[in-house]
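Hi everyone, thanks for making time for this. I'd like to walk you through one model and the side chains in it.

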Amino acid sequence: RFLVCKVGNYLLVANDGKVFDDQDLISLCRSASSGKERGYSIGYRGIGFKSVANFANEVHIISGEMNITFSRELTKSVIEKATRVPLIRIPHPIREIIFKEVKPVISQYIDEGYTTFFVFTGLIVDQIEDDYKNLSNSSLLFLHNIKEIKNELLGTIIKIQSKISHTGNIVEFFDSSKWLSSWILYRSGNTSIAFSKENRTIKALSRTDALVYSFLPTEDISGLGVLINSDFSTDPSRRHLIKDETTKNNIREVCELYKTIFMDNIFIDSSEAQSIIKSLVPYTEPSLVQFTGNHFEK
């Protein structure tokens with residue numbers, strides 16, 4: 001479960017996952033470092049937490065017995081000759097004034113089962129609210145460990161429900177009790193191909209909506225009427241794939257999964273099977289692909 005709320009002028013983000021330990025803290029303080037192993041979880045490079053340095057003045061972490069503050073101001077005070085001070089390198093004991101303000105709220109959420117809390121100061125909260133309003137439900141599609149997002153900034157609770165069908169996993173999103181969207185996922189290892197369902201009918205996505213995911217969406221086009229997800233390597237912005245050996249191997253897995261889905265449906269005389277096949281038809285004429293750039297669609 002994932003929680004977003006405002007406490008005074010601070011943004012508070014919480015989850016009910018594993019409590020931070022010493023190794024997690026060391027990973028936070030290092031570049032491109034994480035205790036996670038690639039292929040078994042997302043976030044193995046430590047990029048996620050580093051990104052907060054772009055929009056927060058200070059970051060405070062409360063998780064189990066760990067109460068710390070990341071602050072340029074505090075770092076400058078203890079390293080007087082430092083001229084270029086990064087935000088997230090040196091942890092400090094948590095600022096008591098911040099801790100006192102947020103502790104009553106955090107105590108309440110601990111009672112509800114949340115375990116780890118990030119408190120961000122110096123944010124433009126209205127801008128954060130706009131970002132969440134524009135967050136597509138499909139952004140959550142391949143984050144298999146998230147079952148609920150409670151967003152008190154917008155007064156919404158998005159619940160994610162998964163069930164197994166004879167054709168693949170069905171994933172549905174509900175805003176409180178309201179249905180938002182439904183998808184059918186075919187999975188093989190870390191690779192998934194997702195088909196959109198509207199009014200119980202599979203519908204091919206438009207070319208611009210049919211993106212490639214590395215767990216979160218990139219800006220690369222899949223070239224088919226589906227979403228494609230795998231453990232692709234990306235550039236630091238996470239917007240584009242890097243064509244390294246890992247990406248090439250995962251593209252091969254996508255091809256194998258594509259072939260399996262195609263063969264499972266091509267000879268079935270049903271409207272759903274026909275819709276699946278239509279979604280797998282490339283947007284680019286295959287004979288013209290040789291004239292296109294060297295991108296994922298090719």
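**A walk through the side chains**

Let's begin at asparagine 199, which is exposed because its relative accessibility comes to 70%, over the 50% cut-off. Please keep in mind that this is a predicted model. You'll find asparagine 199 in the loop that runs between strand S11 (191-198) and strand S12 (201-203). What is the sign of phi at asparagine 199, a residue other than glycine? Phi is positive there, near 50°. As background, most residues other than glycine have a negative phi.

Phenylalanine 215 also has a positive phi, about 70°, and is not a glycine either. This residue sits in the loop between strand S13 (211-214) and strand S14 (216-221). Is phenylalanine 215 buried or exposed? Phenylalanine 215 is buried, because its relative accessible area is 11% and the limit for buried is under 20%.

While we're around asparagine 199, have a look at its loop's surroundings. Glutamate 198 makes a salt bridge with lysine 203, and their closest N and O atoms are 3.7 Å apart. Glutamate 198 has a relative accessible area of 41%, so it is partly exposed. Lysine 203 is partly exposed as well, at 46%.

That brings us to salt bridges in general. How many salt bridges does the count come to? The count comes to 13 salt bridges. One of the pairs is lysine 18 with aspartate 21, whose side chains meet at 3.7 Å, N to O. With a relative accessible area of 56%, lysine 18 is exposed, whereas aspartate 21 is partly exposed at 35%. Another bridge joins glutamate 73 to arginine 95, with the closest N and O atoms 3.6 Å apart. That pair links distant parts of the chain: glutamate 73 belongs to helix H3, while arginine 95 lies in the loop between strand S5 (91-93) and H4, and the two are 22 residues apart. Glutamate 73 is exposed because its relative accessible area is 56%, and arginine 95 is partly exposed because its own value is 21%. If you turn back to glutamate 198 and lysine 203, both are partly exposed, with values of 41% and 46%. Elsewhere, salt bridges with shared partners tie Lys18, Asp21 and Asp24 into one network.

Helix H3 has something else to show us. Valine 78 is in that helix, which covers residues 72-78. Valine 78 is exposed because its relative accessibility is 57%. Together with Ile79 and Ile90, Val78 makes up a nonpolar patch on the surface, and the three have about 230 Å² of accessible area together.

Now for helix H4, residues 96-111, where we meet valine 105. Its relative accessible area is 23%, so valine 105 counts as partly exposed. For a sense of distance, valine 105 and glutamate 148 are 43 residues apart along the chain, and their C-alpha atoms are separated by 19 Å.

On to the aromatics. How many aromatic pairs does the structure hold? There are seven aromatic pairs. Tyrosine 109 and tyrosine 114 make an edge-to-face pair, at 5.9 Å centre to centre with 85° between the planes. Both tyrosine 109 and tyrosine 114 are buried. Why is the pair of phenylalanine 118 and phenylalanine 120 called stacked? Their ring centres are 6.5 Å apart and their planes are at 10°, so the pair is stacked, the limit being under 30 degrees. Phenylalanine 118 and phenylalanine 120 are both buried, and with Phe20 they form one aromatic cluster. Tyrosine 114 has a charged neighbour too: the charged end of arginine 1 sits over its ring, 4.4 Å from the centre.

Last stop, the cysteines. How many disulfides does the structure hold? The number is zero. Cysteine 5 is buried because its relative accessibility is 2%, whereas cysteine 255 is partly exposed because its value is 47%.

That's the tour. Thanks for listening, and I'm happy to go back to any of these spots on the screen.

Methods. Residues numbered from 1 in each chain as written. Predicted model: local features only at pLDDT ≥ 70, side-chain atom pairs only at ≥ 80, totals over all residues. Heavy atoms only, no water. Disulfide = S-S within 2.5 Å. Buried < 20%, exposed > 50% of the residue type's maximum accessible area, 1.4 Å probe, protein only. Phe/Tyr/Trp six-rings, centres within 6.5 Å; stacked < 30°, edge-to-face > 60°. Lys NZ or Arg CZ within 6 Å of the ring centre and 35° of its normal. Helix = DSSP H or I, 4+ residues; strand = E, 2+ residues; numbered from the N terminus. Patch = residues over 30% accessible without salt bridge, like charges linked within 9 Å, V, L, I, M, F, W, Y side chains within 5 Å. Areas by Shrake-Rupley, 256 points an atom, 1.4 Å probe, with all protein chains shown as cover. Salt bridge = Lys/Arg side-chain N within 4 Å of Asp/Glu carboxyl O.
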